[in-house]
Amino acid sequence: MRLRCRQTFRSPINVAQTQKLCVGLVLATFLSACGVTARIEPYKQTNSVIREGEQVVVLARKHHATHEAEAEFIECISKGLAKGRDGLEVHSTTAFEDQLYPWFEPSLAPLNTDELTELLEKPGVLERVEATGVRFVVWLDGSTDRTASGGGITCAAGIGGAGCIGLAWWEDDARYDATIWDLESLTSAGTIYADFLGRSVMPAIIIPIPLIVRPRARACKGLTEQLKNFLTTPYGYGPGPELG
Amino acid sequence: MEIMRISRHRSIATGLLGVLAGTYLVGCASVVTIEAEFPTPVVETLPVRIGLIFDEALTSYEYYEKIPQQATWTIYLGNANETMLGGLFDTMFVETRAVDAVPLTPTDLYNLDGVLRTELEKFEFEVPISKRDEFVEVWMQYRLTLYEPDGALIVEWPVSGYGKSETGKSEEALHRATVVAMREVGAAISTRFAEQPEIEYWLQERRNAAALSADFPLTN
C-alpha cells in the first residue's frame, strides 16, 4: 500500500497528502471495524400500565450455575428507570429481597406466575408485597460475555525509544431477557429480549489506540428505554417475538 | 576490622530480606470477617418453645486455609452465625431461650418443648485463579440436631447453602458470597424445618398434647 502511493505521486506535497489519506483510510477501516449491533424484541401481552404511586422492582435471576445478570447491570437498569422527568418509582432490589426474605432467595424465588400465585398464598407474604407498593417485577436474566477475541500487539523498548505494532480485537455479547410480572393480575405482562454485540479494536502504531465499545452499557440504556415504554404504554406495544 | 564490616553488611542484608519477605507474606494473607444484617423471615411461627445451644465452636468459628503458591485465608464467621441463627429462630419459634446442654435442668425441663443444637460442619470456598473465572463461590453446611428436653434425639438435619459473587476485590467478593450462602441456609431452615418427617411428627404430637390439655385442664 505504502509503495503504491509513493510510486503514483512524485511531488513532495502530494506524497504528504497521500500519506495523510492512507492514514485516514486505515483509521476509517479500524473505526468501521468497531461498533455495536443491537437487537431488541419487545412483546407485551396485556394492557396494564403503571399508575401513580405504584412501584417497579428489578430483580436478577440467580438460579443459573454459570451466569447471572450482573449486580452492576441491575443497578444501572434501576437507576435508569427512576431517572428523568418521566422517571418511574423504583423500589430498591435489596430492600425488596429483604422484606420478602426468604421467598426471593435464589433457591426459592418463583420461576413462573403459577409459583408466584402459590407464594402469595403463604401466610403474610401478600401483606408484605402490598406494603412494598410494588406492582411490577422485572426479572432480568442474562449476562455479558466475551464471545471472541484475536490478533496481537508486540511492544519493544530500546535505548532509542519504545513502540508497539499490531492489532488486537475482541467481541462482547450483552444478551438479556427481561420478563415483566404484574403482581396485581398475577400474570406475565410480557418480555423484552435485548442482544447487543460489540466489537472493540486496538490498533498499535507506535502507541496502542484503544477503540473500545461497551455493549453492556448500551444494552442497559436500550433496555431501560424499552422498559419505560413497556410500563407506561398500553396494549399493542412492540412486535411479538419470532416464532419457530 | 574487615570481618566486622562484612558481618555488619550481612546483617543489614538479612534484615532487608526479612522485611521484604514479611511484606510479601503479609500481602498474601487475606483476613475476612463476615458481618451482615440478616432479615427476619416471613414465615409462620411454630407453636413450640425451644432451647438453643450455640457452642463456642459456632460462635467463634474461624476458618483457615493455605492455598499453595497463592495466599492464606482466615475467615471469621462466629458473629455472623450468631446474628443469622438467633434472628431466624426467634422468628420461627414462639419462644426461644439459650441453654447450655441437654438433658435440661429441672427448671427448664417443663418450660421448653425441645432443644436445638446448631453446628457449622463444613465451609468451602473457591477464589478465581485466572481472569476467566467469573465468580467467587462459597459452600457451607450446618447440622441441626433437635432433642427432646430429656435429651432423647429427635432428628439430625444437615442444611447446606451455596453462594456466589462476581469477582472484584477477592475479600469483598468472598464476603458477599458467604452472606449469600448464609441467607440460603436461613431460607432452607425457615421454610423446610417443619417439613422434615420426624419434626412434622414431633410437632403434631405437641399439637395433640396441647389440644388434650385444653380439653382436660389439670385442676389442683
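# A guided tour of chains A and B

Begin by selecting residues 215-232 of chain A, which form helix α7; its 18 residues reach 26 Å from the first C-alpha to the last, close to the 26 Å expected at 1.5 Å a residue. The model on display is a predicted one.

**Helix α7 of chain A and what covers it**

Within α7(A), colour the buried residues, among them A:P215, A:A219, A:L223, A:L227, A:F230 and A:L231. Polar names also appear among the buried residues of this helix, including A:T224, A:Q226 and A:K228. Next, display the elements that cover the buried residues of α7(A): they include strands β1 (35-44), β2 (55-60), β4 (134-158), β5 and β6 of chain A, together with helix α3 (71-82). The helix lies across β1, β2, β4, β5 and β6 of chain A, and its direction makes an angle of about 155° with β6(A).

**The sheet of chain A**

Now select the strands themselves. In chain A, six strands form an open sheet of mixed pairing, and their order is β1-β6-β5-β4-β2-β3. The edges are held by β1 and β3 (90-91) of chain A; each has a single partner strand, so one side of each is left without a neighbour in the sheet. Strands of a sheet pair through backbone hydrogen bonds, either parallel or antiparallel.

Zoom in on β5(A) and β6(A), which pair in the antiparallel sense over 19 bridges. To see one position in register, select A:W169, which stands opposite A:V201 in β6(A).

The loop between β5 (161-182) and β6 (187-208) of chain A contains A:L186. Is A:L186 buried or exposed, or does it fall in between? With a relative accessible area of 26%, A:L186 is partly exposed. Beyond its neighbours within four places in sequence, A:L186 is in contact with A:T113, A:L116, A:T117 and A:L120. One of these, A:T117, is 69 residues from A:L186 in sequence, yet the two C-alpha atoms are 6.6 Å apart in space.

**Helix α6 of chain A**

Move to residues 125-132 of chain A, helix α6, where the buried residues are A:V125, A:V129 and A:T132. These residues cover an arc of only 60° around the axis, which puts them on the same side of α6(A). Turn the view to the face directed away from that buried side: there α6(A) carries the exposed residues A:E127, A:E130 and A:A131. The cover over the buried residues of α6(A) includes β2, β3, α4 (93-99), α5 (113-120) and β4 of chain A. Just after the helix, select A:G133, whose phi is positive, at about 80°.

**The sheet of chain B**

Turn to chain B, where five strands form an open sheet of mixed pairing in the order β5-β2-β6-β7-β8. At its edges stand β5 (93-98) and β8 (153-166) of chain B, each with a single partner strand, so one side of each is left without a neighbour in the sheet. On average, neighbouring strands of this sheet are turned by 30° against each other, direction ignored.

Select strand β7 (residues 135-147) of chain B, which runs antiparallel to β8(B) and is joined to β8(B) by 13 bridges. Along this pair, B:W139 stands opposite B:Y162 in β8(B). Another residue to pick in strand β7 of chain B is B:T145, which counts as buried at 1% relative accessibility. Which residues does B:T145 touch, not counting those up to four places away in sequence? They are B:V115, B:L116, B:R117, B:E119, B:L153, B:V155 and B:E156.

Helix α5(B) lies across β6 (114-126), β7 and β8 of chain B, running at about 145° to β8(B).

**The nonpolar cores**

In soluble globular proteins, nonpolar side chains tend to be buried together. The largest nonpolar core here has 69 residues, of which B:F125, B:M140, B:Y142, B:I189 and B:F193 touch the most other members. Helix α5 (residues 170-192) of chain B gives the largest share of this core, nine residues. Apart from it lies another core, of 27 residues, including A:L88, A:A174, A:I192 and A:L231.

Centre the view on B:I189, which, leaving out residues up to four places away in sequence, touches B:L85, B:L88, B:F89, B:M92, B:L144, B:W157 and B:V159.

**A hairpin in chain B**

Finish at strands β3 (residues 62-67) and β4 (residues 71-76) of chain B, which run antiparallel and are joined by six bridges. The bridge partner of B:E62 in β4(B) is B:Y76. The two strands form a hairpin with three residues between them, and in the turn B:Q69 has a positive phi of about 60°.

Note on methods. Residues numbered from 1 in each chain as written. Chains lettered and ligands numbered in written order. Predicted model: local features only at pLDDT ≥ 70, side-chain atom pairs only at ≥ 80, totals over all residues. Heavy atoms only, no water. Helix = DSSP H or I, 4+ residues; strand = E, 2+ residues; numbered from the N terminus. Buried < 20%, exposed > 50% of the residue type's maximum accessible area, 1.4 Å probe, protein only. Contact = heavy atoms within 4.5 Å. Expected span 1.5 Å × (residues − 1). Core = buried A, V, L, I, M, F, W, Y, C linked by side-chain atoms within 4.5 Å. Pairing = 2+ DSSP bridges. Axes fitted to C-alpha atoms, helices over the stretch in contact; angles between N-to-C directions. Arc of directions from axis to C-beta.
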